[in-house]
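Subject: Structure handover

Hello,

Here is the structure for you to look over. My notes follow below it.

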Amino acid sequence: MSDTTYLAQGPRTAIRPFTHADADEFTARARESRELHHPWLFPPASPDTYAAYAGVLIEDPARAGFLVCERNGTAGSADDGAIAGFININNIVMGGFRCGALGYGGFAHAAGRGLMGEGLGLVIGHAFGPLGLHRLEANIQPGNTGSIALVRRAGFRLEGFSPDFLFIDGAWRDHERWAITAETR
């Protein structure tokens with residue numbers, strides 16, 4: 001992937017929008033990462049489910065989807081531009097609210113390497129810059145310690161607890177509410 005398509009770049013990662021052409025790599029990474037994601041997350045693992053998922057992120061103005069891609073500094077190498085994970089801003093509301101809710105997941109090959117932390121920083125900068133948002137929220141199941149650590153390192157603050165907040169994997173799940181604003185980042 002050419003650097004000119006990236007929305008923001010860090011030393012080891014860059015972010016770019018989802019495309020329909022990412023289906024094969026994304027779904028292969030999702031299938032490889034099932035154990036890592038369960039029971040928290042179920043990203044699309046087939047071409048049909050990816051097409052529907054990406055289509056909404058591409059077309060719905062209330063959503064913005066970002067692929068976190070590896071950068072190794074060697075254009076054309078096998079891992080330069082590889083998808084390490086994804087971060088989506090959902091339920092974007094402008095006006096006096098200017099807020100969005102994060103959804104994200106890293107892929108198994110990138111786990112524990114700090115790539116998602118760097119990618120989240122890039123998304124936060126893009127959200128508070130070009131997207132014009134003021135607040136980002138992340139709702140996380142209390143047992144998902146990796147996800148909580150990710151947002152805590154990024155400067156999110158714990159704001160509360162929401163019982164039976166989201167329907168995931170056949171049941172209503174409790175969530176902690178984490179948030180960051182343009183002023184607190």
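**Asp 174 and its surroundings**

Beyond its neighbours within four places in sequence, Asp 174 touches Ile 140, Gln 141, Pro 142, Phe 161, Ser 162, Pro 163, Asp 164 and Phe 165. Keep in mind that this is a predicted model. Asp 174 sits in strand β8. Its relative accessible area is 31%, so Asp 174 is partly exposed. Gly 112 is 62 residues from Asp 174 along the chain, and their C-alpha atoms are 25 Å apart.

**The other aspartate I checked**

Asp 22 is placed in the loop between β2 (13–17) and α1 (23–32). Is Asp 22 buried or exposed? Its relative accessibility is 7%, so Asp 22 counts as buried, the cut-off being under 20%. Neighbours within four places aside, Asp 22 is in contact with Arg 16, Pro 17, Tyr 50, Leu 67 and Ile 83.

**Strands β1 to β3**

Pro 17, one of those contacts of Asp 22, has Phe 66 in β3 as its bridge partner. β2 and β3 run antiparallel and are joined by five bridges. On β1 (residues 8–9), two bridges lead to β2, again in an antiparallel arrangement. Gln 9 stands opposite Ala 14 of β2. The hairpin from β1 to β2 passes through three residues. β2 is mostly covered, with four of its five residues buried.

**Helix α4**

What span should the 14 residues of α4 (residues 115–128) have at 1.5 Å a residue? The expected value is 20 Å, and the end C-alpha atoms are 20 Å apart, so the two agree. α4 is mostly covered: 11 of its 14 residues are buried. The buried ones include Leu 115, Met 116, Leu 120, Val 123, Ile 124 and Phe 128. Glu 118 and His 126 are also on that buried list.

**The nonpolar cores**

The largest nonpolar core has 30 residues. Which residues have the most contacts inside it? They are Ile 89, Leu 102, Leu 136 and Phe 156. At least two core residues come from each of β3 (64–70), β4 (83–93), β5 (99–106), α4, β6 (135–140), α5 (145–153) and β8 (171–181). α4 supplies the largest share, eight residues.

Leu 136 is worth a look on your screen. Sequence neighbours within four places aside, Leu 136 contacts Ile 89, Gly 100, Leu 102, Ile 124, Ala 127, Phe 128, Phe 156, Trp 178, Ala 179 and Ile 180. Apart from this core lies another, of 15 residues. Ala 14, Ala 23, Ala 30 and Ala 54 are among them. Ala 14 is also the residue opposite Gln 9.

**The largest pocket**

The largest pocket has a volume of about 1300 Å³. It is lined by 46 residues, and those closest to its centre are Trp 40, Leu 41, Gly 103, Tyr 104 and Gly 105. Two or more lining residues come from each of α2 (34–37), α3 (47–59), β4, β5, α4, β6, α5 and β7 (157–168). Which element gives the most to this lining? β5 does, with six residues. β5 also supplies at least two residues of the 30-residue core.

Best wishes

Note on methods. Residues numbered from 1 in each chain as written. Predicted model: local features only at pLDDT ≥ 70, side-chain atom pairs only at ≥ 80, totals over all residues. Heavy atoms only, no water. Buried < 20%, exposed > 50% of the residue type's maximum accessible area, 1.4 Å probe, protein only. Contact = heavy atoms within 4.5 Å. Expected span 1.5 Å × (residues − 1). Core = buried A, V, L, I, M, F, W, Y, C linked by side-chain atoms within 4.5 Å. Pairing = 2+ DSSP bridges. 1 Å grid on protein atoms, 1.4 Å probe; cavity = no way out; pocket = protein on both sides within 12 Å on 5 of 7 lines; lining within 4 Å. Points joined across faces, edges and corners; volume = space filled by probe spheres on them.
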